[in-house]
Amino acid sequence: MNILIIDAQGGGIGKQLVTAVRENMPDAVITAVGTNAAATSAMLKAGAARAATGENAVIVNSTKADVIIGPIGIVIADSMLGEITSDMANAVARSNAKRILIPVSHCDNIVAGVGDLNTGKLIQAAVCELLRL
């Protein structure tokens, strides 16, 4: 299974996702794409098999993934402090891959019903959904 993990800013959620997926699915091919070098580096250090940075990397790798995982902002243009371009959001949204989105309320995007779940529990929930696939 080819899993694409996308993150922005410092890559904290992406790093946790890579670690959790690697622990639960050691044979999965994890591709990490950061919107910036810091996010990419964090995910690569966490154990991603390969990594790239930037808009074109999101667009190209979204077409090759079986599953795309990341914060909900990866499908919202101009989110994550402006790091997600409309082309990135469209590529993820239009991909044939299954999408597992982490419901975080940041950067003027509020996800109703999420409450005060901590990131660790959200990561665990995402991995459970991945294992169901």
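In this predicted model, alanine 32 of the chain stands opposite alanine 51, a residue of strand β3. This pair is a good place to start, as it leads straight into the arrangement of the strands. Strand β3 covers residues 50–53 and runs parallel to β2, with 4 bridges joining the two. To get from β2 to β3, the chain passes through helix α2, residues 37–45, and the resulting β-α-β crossover is right-handed.

Strand β2 also pairs with β1. Here the sense is again parallel, and the pairing extends over 6 bridges. Within it, isoleucine 3 has isoleucine 30 of β2 as its bridge partner. The chain travels from β1 through α1 to β2, and this β-α-β crossover is right-handed. With β1 paired to it by 6 bridges and β3 joined to it by 4, how many of the residues of β2 are buried? The count is 5 of 6, so β2 is largely enclosed by the rest of the structure.

Isoleucine 3 opens the way to the interior. The largest nonpolar core has 24 residues, and those touching the most other members are Ile3, Ile5, Leu17, Val21, Ile69 and Leu130. Several elements contribute to this core, each with at least two residues: the strands β1 (2–7), β2 (29–34), β4 (67–71) and β5 (98–102), together with the helices α1 (12–24) and α6 (119–132). The surroundings of isoleucine 3 can be followed residue by residue. Beyond its neighbours within four places in sequence, isoleucine 3 is in contact with Val21, Met25, Ala28, Val29, Ile30, Thr31, Val67, Ile69 and Leu130. Its bridge partner, isoleucine 30, is thus among these contacts.

A second core, separate from the one just described, has 15 residues, including Leu4, Ile6, Val58 and Val92. Readers following the numbering along β1 will see that Ile3 and Ile5 belong to the largest core, while Leu4 and Ile6 belong to the second. As a general point, side chains in a regular strand alternate between the two faces of the sheet.

Helix α6 also carries a charged pair. The structure holds 1 salt bridge, in which the side chains of arginine 132 and glutamate 129 meet at 3.6 Å, N to O. Why are these two residues separated by about one helical turn? They are 3 residues apart in helix α6, which gives that separation. Arginine 132 has 64% relative accessibility and therefore counts as exposed, whereas glutamate 129, at 37%, counts as partly exposed.

The loops offer further detail. Serine 95 sits in the loop between α5 (86–94) and β5. Is serine 95 buried or exposed? Its relative accessible area is 11%, under the 20% limit, so serine 95 is buried. A polar atom of the serine 95 side chain lies 3.0 Å from the backbone nitrogen of alanine 97. Leaving out residues up to four places away in sequence, serine 95 touches Ser62 and Ile68.

Valine 104 lies in another loop, the one between β5 and α6. With a relative accessible area of 13%, valine 104 is buried. Residues up to four places away in sequence aside, valine 104 touches Ile13, Pro71, Ile72, Asn109, Val111 and Leu122. Valine 104 and threonine 119 are 15 residues apart along the chain, and their C-alpha atoms are separated by 8.3 Å.

Finally, two residues deserve a look for their backbone angles. Aspartate 78 is not a glycine, yet has a positive phi of about 70°. Methionine 80 likewise has a positive phi, near 55°, and is a residue other than glycine. Where are they found? Aspartate 78 has its place in the loop between β4 and α4 (79–82), and methionine 80 is found in helix α4. Their surroundings contrast: aspartate 78 counts as exposed at 60% relative accessibility, whereas methionine 80 counts as buried at 9%.

Technical notes: Residues are numbered from 1 along each chain as its sequence is written. This is a predicted model: local features need pLDDT of at least 70, side-chain atom pairs count only at pLDDT 80 or more; totals for chains, interfaces and linings use all residues. Side-chain values use heavy atoms; hydrogens and water are left out. A nonpolar core is a set of buried Ala, Val, Leu, Ile, Met, Phe, Trp, Tyr and Cys residues joined through side-chain atoms within 4.5 Å. Buried means under 20% relative accessible area, exposed over 50%, partly exposed in between (1.4 Å probe, protein chains only). Contact means heavy atoms within 4.5 Å. Two strands pair if DSSP finds at least two bridges between them. A crossover is right-handed if, with the strands pointing away from the viewer, the path from the first strand over the helix to the second runs clockwise. A salt bridge is a side-chain nitrogen of Lys or Arg within 4 Å of a carboxyl oxygen of Asp or Glu. A polar contact is a pair of N or O atoms within 3.5 Å; within protein, one must be able to donate a hydrogen and the other to accept it, and residues adjacent in sequence count only if both atoms are side-chain atoms.
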